[in-house]
Structure formats: structure tokens, C-alpha cells
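Here are a few exercises to work through with the structure open beside you. Try each task before you read its solution.

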Amino acid sequence: MATTIKTSNHAFRTSTFALLIGIIAVVGLAVAACGLAGCASNEPQAEPAAQSADRSVETPTDDSNVSDALVIAKQGDQALFVDLQTQTPYVPTLPLGQIYNTEGEHIDAANLAVGNVVQVSGNGIMLESYPGQYPGIARVQVVEQGNPADADAYADVIAMWAGNGDEASLPYASVEYTDDLGQITLSLEAYEYEWRTADGQQLEKDGSLDADAADGTEVIADTVIDAAITTTTSATLSFSHTPTSITIEREPVSFNGQGKIVEGADTDSSNVAFTQTENNQFTLEIEPGYLYEIDAQFDSGEAEFAFHTLSK
């Protein structure tokens with residue numbers, strides 16, 4: 001009798017163990033199937049990933065200003081727009097995960113095409129440059145596929161933005177950097193130059209960075225572009241033509257009592273170190289609170305450019 005009881009207990013334990021193994025196997029198969037096929041869930045789905053991994057920045061949420069624009073040029077996931085009401089060209093910081101086609105479906109920035117008519121929603125704040133910069137865009141919606149030929153009327157500004165200068169045209173420059181809103185590109189026009197065109201003409205401009213304030217004092221002209229940085233930032237300086245040499249100097253600037261920018265008293269300028277990365281491209285570190293002056297020499301002449309880092 002004792003032997004029978006032992007045999008029965010052993011059989012029971014064995015049967016229970018087998019049952020547990022079977023349950024674990026079934027659960028494991030279910031989990032694997034769920035992982036392969038995807039399980040239904042009431043949890044909200046995440047927004048699409050950013051269009052470009054190296055531009056993982058926070059998208060602005062203020063969409064109180066709405067305007068229509070024409071896409072007049074593209075370079076990868078970068079674009080050049082022109083406001084259809086004011087005819088003002090500008091470079092948009094395209095919002096991550098908030099670009100839509102005419103059907104309301106998410107698209108990448110690279111899928112925008114020249115000729116598209118888009119509705120742009122954002123905070124309406126345009127940075128002072130030419131072309132302008134619009135970093136505060138919250139949403140872009142394609143409303144018409146449009147016609148690429150519509151961009152032909154803006155050939156000059158497209159050439160400036162794309163850097164397609166030739167030796168017959170005046171040189172220009174750009175400064176590119178990244179901040180919390182994304183990649184910013186400031187287009188710099190030469191405020192002073194001497195230039196020989198291909199047909200032998202001599203072009204000159206004798207400009208100045210200074211302007212007379214209402215009280216008679218000299219201030220930095222409003223035309224000098226602001227690189228709105230708040231900390232030391234890596235920047236790329238590019239030219240439309242290949243320079244034979246460049247020098248970069250900076251001096252501290254500040255606001256006066258009227259909110260105008262003035263040079264620091266009794267402060268000398270200092271040279272800025274840079275590294276040449278391409279024939280017409282250089283990298284440097286820029287810091288807040290300075291006026292940066294660039295003197296570039298070319299085969300066809302020379303030109304001077306400037307920007308400041310004292311944010312308004």
C-alpha cells in the first residue's frame with residue numbers, strides 16, 4: 001500500500017510539472033507571435049521619427065501665424081520659400097514630424113518639391129537676413145503641387161542661397177550654425193568690396209558698419225545681421241567664390257540706453273581662429289556679445305562681411 005501511494009504521488013508531481021511546462025510554452029509562443037505580428041493596443045501611437053537624425057530638435061508649438069508660400073529651391077532636406085503675399089524669400093527651419101502632403105499624410109522634408117504651394121503655420125518671427133530665416137515654424141502643409149516653372153522668377157535669390165556664384169558676379173557669404181530651433185543659415189552681403197567682372201568692369205562699394213543714432217552717436221547699423229546664439233557655438237562660414245585668403249576679427253559689443261548696439265569702449269579687436277574644410281568653406285567658434293568682421297581676398301577682388309552675436 002505504501003508503495004502504491006508513493007507511486008501515485010510521483011505520478012501526480014510528474015503530471016503537474018508537465019502541465020506547468022506546457023503552460024509556459026504556450027505563453028512563450030503567444031508572446032513571440034505578438035512581437036512578430038504586433039498586438040492591438042489602446043495606447044496612443046508615437047509621432048513619426050524626425051526627418052533627419054542629425055536635426056533632432058524640439059519642434060515649435062506656436063502656430064498662431066498662418067501664411068502661404070511657394071517652394072522655389074531645394075537642397076536635400078533644406079528648402080527656400082517665398083511668401084506669396086509679401087514676395088519675401090526666406091529659409092524655413094522645417095518642423096520635425098510636422099510636414100504633410102495634400103492628403104494630410106506625414107512626409108519628410110526631402111519630399112517637398114520646387115513649385116509646391118504650402119501653408120506655413122508658426123510664430124511669425126522672421127530673423128533679419130537675406131534671404132530671411134524663419135526658425136519658429138510649427139507645421140507645413142502642401143496645399144497645391146504647383147508648377148516648378150513658377151520658381152524661375154526668383155533665379156537671383158536662388159543662386160545666392162544655393163551658392164552658385166560665378167566669377168562675373170559679386171561675392172557673398174553665409175554663416176551656418178545649429179541652435180535649439182534647428183539649423184540656421186544667415187546670408188551675408190558684402191558691405192564693402194572692390195571687384196573686377198569678367199568683361200573688365202571695376203565694381204566698388206565703400207560701405208560702413210556704423211550708423212548715426214538719433215543722439216548723434218555712432219552705433220552698429222541695423223543691416224548687420226544677428227546670429228542669435230546664447231552660448232559658444234560651432235559655425236560654418238561659406239563663400240560663393242573660392243577666396244585666396246581670409247581674416248576674421250571680433251570685438252565686444254553691447255546695447256546702449258536706446259537699445260542700439262555699440263562697440264565696447266577702449267577695446268581692441270582680436271583675431272579669430274578658423275579651420276578651412278573646403279576650398280570655400282571654413283569652421284570657427286562664435287560666442288555671444290561680439291561683432292565679427294570678415295575680410296576675404298579673391299582672384300577677382302576683395303570683399304568685407306560682418307555679423308554680430310548680440311541677440312535682440
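**Exercise 1. Find how E15 and E20 pair, and how many bridges join them.**

Step 1. In this predicted model, E15 and E20 run antiparallel, and six bridges join them.

Step 2. For a concrete pair, look at serine 238: its bridge partner in E20 is glutamine 281.

Step 3. Now turn to E19 (residues 275-278), which also pairs with E20 in the antiparallel sense, over three bridges. Threonine 275 has threonine 283 of E20 as its bridge partner.

Step 4. Trace the chain from E19 to E20 and you'll pass through a hairpin of two residues.

**Exercise 2. Work out which side chains of E20 (residues 281-286) are buried and which are not.**

Step 1. Start with the general rule: in a regular strand, side chains alternate between the two faces of the sheet.

Step 2. Sort the residues of E20 by face. Phe282, Leu284 and Ile286 point one way, while Gln281, Thr283 and Glu285 point the other way.

Step 3. Check burial. The face with Phe282, Leu284 and Ile286 is buried, and Gln281, Thr283 and Glu285 are not.

**Exercise 3. Put the strands of the seven-stranded open sheet in order.**

Step 1. Read across the sheet: E4-E7-E5-E1-E2-E3-E6, with mixed pairing. The edges are E4 (99-100) and E6, each of which pairs on one side only.

Step 2. Keep in mind that strands of a sheet pair through backbone hydrogen bonds, either parallel or antiparallel.

Step 3. Look for a parallel pair. E3 (residues 89-92) and E6 run parallel and are joined by three bridges; here tyrosine 90 partners glycine 132 in E6.

Step 4. Look for antiparallel pairs around E5. E1 (residues 65-75) pairs with E5 in that sense over six bridges, and leucine 70 has valine 117 of E5 as its partner. E7 (residues 137-144) also runs antiparallel to E5, with six bridges, and glutamine 119 is matched with glutamine 141 in E7.

Step 5. Ask how enclosed E5 is. Five of its six residues are buried, so E5 is largely enclosed by the rest of the structure.

**Exercise 4. Decide whether glutamine 133, glycine 124 and glutamine 87 are buried, partly exposed or exposed.**

Step 1. You need the cut-offs: buried is under 20% relative accessible area, exposed is over 50%, and partly exposed lies in between.

Step 2. Take glutamine 133, found in strand E6 (residues 132-134). Its relative accessibility is 2%, so glutamine 133 is buried. Beyond its neighbours within four places in sequence, glutamine 133 touches Tyr90, Val91, Ile125, Met126, Leu127, Ile184, Thr185 and Leu186. Valine 91 is 42 residues away from glutamine 133 in sequence, yet their C-alpha atoms are 4.9 Å apart.

Step 3. Move to glycine 124, in the loop between E5 and E6. At 37%, glycine 124 is partly exposed. Leaving aside neighbours within four places, glycine 124 is in contact with Asn65 and Tyr134. Its C-alpha lies 5.3 Å from that of asparagine 65, though 59 residues separate the two along the chain.

Step 4. Finish with glutamine 87, in the loop between E2 (78-83) and E3. Its relative accessible area is 39%, so glutamine 87 is partly exposed. One extra thing to spot: glutamine 87 has a positive phi of about 60°, although it isn't a glycine.

**Exercise 5. Describe the largest pocket and its lining.**

Step 1. Begin with the volume: the largest pocket holds about 380 Å³ of space. Among its 19 lining residues, the closest to the centre are Trp161, Ser174, Glu176, Thr185 and Ser238.

Step 2. Find where the lining comes from. H2 (155-162), E8 (172-179), E9 (182-189) and E15 (233-239) each supply at least two residues, and E8 gives the largest share, four residues.

Step 3. Sort the lining by type: seven residues are nonpolar, eleven polar and one charged.

**Exercise 6. Find where the confidence of the prediction is lowest and where it is highest.**

Step 1. Get the overall picture: the chain has a mean pLDDT of 78, and 77% of its residues reach 70 or more.

Step 2. Compare the extremes. Helix H1 (residues 2-37) is lowest, at a mean of 41, and strand E5 (residues 117-122) is highest, at 96.

Step 3. Look at residues 1-57, where the pLDDT is below 50; beyond near neighbours in sequence, this stretch has 29 contacts in the model.

Conventions: Residues are numbered from 1 along each chain as its sequence is written. This is a predicted model: local features need pLDDT of at least 70, side-chain atom pairs count only at pLDDT 80 or more; totals for chains, interfaces and linings use all residues. Side-chain values use heavy atoms; hydrogens and water are left out. On a 1 Å grid over the protein atoms alone, a cavity is a set of points where a 1.4 Å probe fits but cannot get out, and a pocket is an open set with protein on both sides within 12 Å along at least five of seven lines; lining residues have an atom within 4 Å of a point. Grid points are joined across faces, edges and corners, and a volume is the space filled by probe spheres set on the points. Ala, Val, Leu, Ile, Met, Phe, Trp, Tyr, Cys and Pro count as nonpolar, Asp, Glu, Lys and Arg as charged, and the others, Gly among them, as polar. Buried means under 20% relative accessible area, exposed over 50%, partly exposed in between (1.4 Å probe, protein chains only). Contact means heavy atoms within 4.5 Å. pLDDT is the predictor's confidence in each residue, from 0 to 100. Two strands pair if DSSP finds at least two bridges between them.
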